[in-house]
Amino acid sequence: MDIVKWLARAAISTTEWEASFGGYQPHPAAVISDEQFGKVFDELSDRLRDSTPFFHPRYAGQMTRAPHPAAVVGYVAAMLLNQNNHDLAGGPATTQMEHEVVGDLAAMFAMPAHIGHLTSSGTIANLEALFIARQTHPDRGVAFSADAHFTHERMCALLGMTAYPVPTDTHGAIDLAAVEKLLRTGAVGTIVLTAGTTGVGAIDPIADALPLKERYGVRLHVDAAYGGFFALLSDDDGNALEWDPAPWRAIRACDSVVVDPHKHGLQPYGCGAVLFADPAVARHYRHDSPYTRMFSGGPAHLGEITLECSRAGAAAAALWTTLRLLPLRRDGLGALLASTRRAALRFARRVEESSALTLYQQPSLDIVTYFPSAARTVSEVDAVSGRMLTDGMSRDPTDSIFLSTLRVEAAGFGGRGHRLDADAPSGRILRSALMKPEHELCADDLVARIAALAPPVARADGRVPR
Ligand SMILES: *Cc1c(COP(=O)(O)O)cnc(C)c1O
């Protein structure tokens, strides 16, 4: 699709709709000439050159990508109208779209019933889930894995709940035996399980955790901010993608789930989502706002079930537009996710074949972690990884490569069978979130480029070249 053509159409369509209300006198204080605007626009464009090329396949670092052009046009078309999904009157069309896309997300997880909404981010979506957790179990804390997103610890502090970090196994997934030990104390009311940790993309054993819900009367919250859309690929045996689909299928039996459309859902930033299995949690959101028309019966106002007040209706329109074109099915958006998983498997194989690079662990999802083989100590891994990151980015733009680093504990190497001298408590390794389908097409090239940034493996005298 031609984004220039459709952005222009969005502006024209808005202008036509506005004209249907009749003309009015613009105030001179707000009028800007094209000439004035042109100068500032040139400056803006110039300053924006100092940005990171998330769109390019040679960006293989953090979990970020460019939004799909369909999402951008959907966003701009609605943003020009500045609808506010807090209140039904603030955005009738975009509120309806939000109900539809939230329904689509719930169907993706096959949740039997749901209530939910979009949020400005995964952070806020998790805050809402933990807020409901606290309202449900006011005197009990929250357990999550030591590798869970840092937001859980922070939000527990914000909500005045005790946080219980639990150790992980050698793949970075939560240790359920340790969770159960904690549950026996009665101190925990909610377990957070992560479907795709932010660091290595580990998947907590959600299906195995389900019996704990009844046995200990706890809530299960799934943080699938990153990995949630992989649920689209959970309806077969998982052999082709070399994974176990059970955790994705178990989400439907949990109490709440968070997924970020602005990560794997092709959306621009400003789009998270939280879903609850029990529509009755809406009671915890009750408020008595004199500004808005709510709790009046009739169709639900999203403001009745959100902690945030004003929210961009444009975010709902962007996601709605995208899902009309790439529906939440295996052959829709699922095809893109399958390609990112295959990209990671292929990338990991190439790393294993390379003498210059060592795979930190097998990828559970589409995030690959690795480090320079020449390094013999944790501090060397850290220094060389850091150098490779900077060297890759500072090459000529046509030859640059963008990676990210991940700080891991020294014990993490030994636990995964890597023999390194633990001369420092932790060190940075390299990390590539291969979240663009194009990564499947260029995985070999990426690994070759990264290997070329790494020092050659140990010389005869055993010293590591820097
Ligand atoms: C990204 C992420 C978050 C935070 O979401 P934001 O949208 O960045 O606020 C929380 N949990 C996990 C697992 C994530 O990957």
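**Exercise 1. How many nonpolar, polar and charged residues does the shell around the ligand have, by class?**

Before working, note that this is a predicted model, in which local features need pLDDT of at least 70 and side-chain atom pairs count only at pLDDT 80 or more, while totals for chains, interfaces and linings use all residues. Residues are numbered from 1 along each chain as its sequence is written, and side-chain values use heavy atoms, with hydrogens and water left out.

*Solution.* Start with the shell itself: 15 residues surround the ligand, the closest being Thr-123, Asp-223, Asp-260, His-262 and Lys-263, where a residue is near if one of its heavy atoms lies within 4 Å of the molecule. Then sort by class, with Ala, Val, Leu, Ile, Met, Phe, Trp, Tyr, Cys and Pro as nonpolar, Asp, Glu, Lys and Arg as charged, and the others, Gly among them, as polar. The shell has three nonpolar, nine polar and three charged residues.

**Exercise 2. Find polar partners of the ligand oxygen atoms, and state how much of the ligand is covered.**

*Solution.* Take a polar contact as a pair of N or O atoms within 3.5 Å. A ligand oxygen lies 2.4 Å from an N or O atom in the side chain of Thr-123, and a ligand oxygen is 2.8 Å from a polar backbone atom of Gly-122. For the side chain of Thr-198, the distance from an N or O atom to an oxygen of the ligand is 3.0 Å. Next, consider cover: of the 380 Å² of accessible area that the ligand has on its own, the protein covers 88%, by the Shrake-Rupley method with a 1.4 Å probe. Finally, helix 5 (122-136) and helix 10 (261-264) are the elements that give two or more residues to the shell, and helix 5 gives the most, with three; helices (H or I, at least four residues) and strands (E, at least two) are DSSP runs, numbered from the N terminus.

**Exercise 3. Describe the largest pocket by volume, lining and class.**

*Solution.* A pocket is an open set of points on a 1 Å grid over the protein atoms alone, where a 1.4 Å probe fits, with protein on both sides within 12 Å along at least five of seven lines, and lining residues have an atom within 4 Å of a point. The largest pocket has a volume of about 630 Å³, the volume being the space filled by probe spheres set on the points. Its lining numbers 28 residues, with Ala-146, Asp-147, Gly-199, Leu-406 and Arg-407 nearest the centre. Strand 2 (141-145), strand 10 (404-409) and helix 14 (410-415) each give two or more residues to this lining, and the largest share, five residues, comes from strand 10. By class, the lining has ten nonpolar, eleven polar and seven charged residues.

Terms used: Polar contact = N/O pair within 3.5 Å; in protein donor to acceptor, adjacent residues only side chain to side chain.
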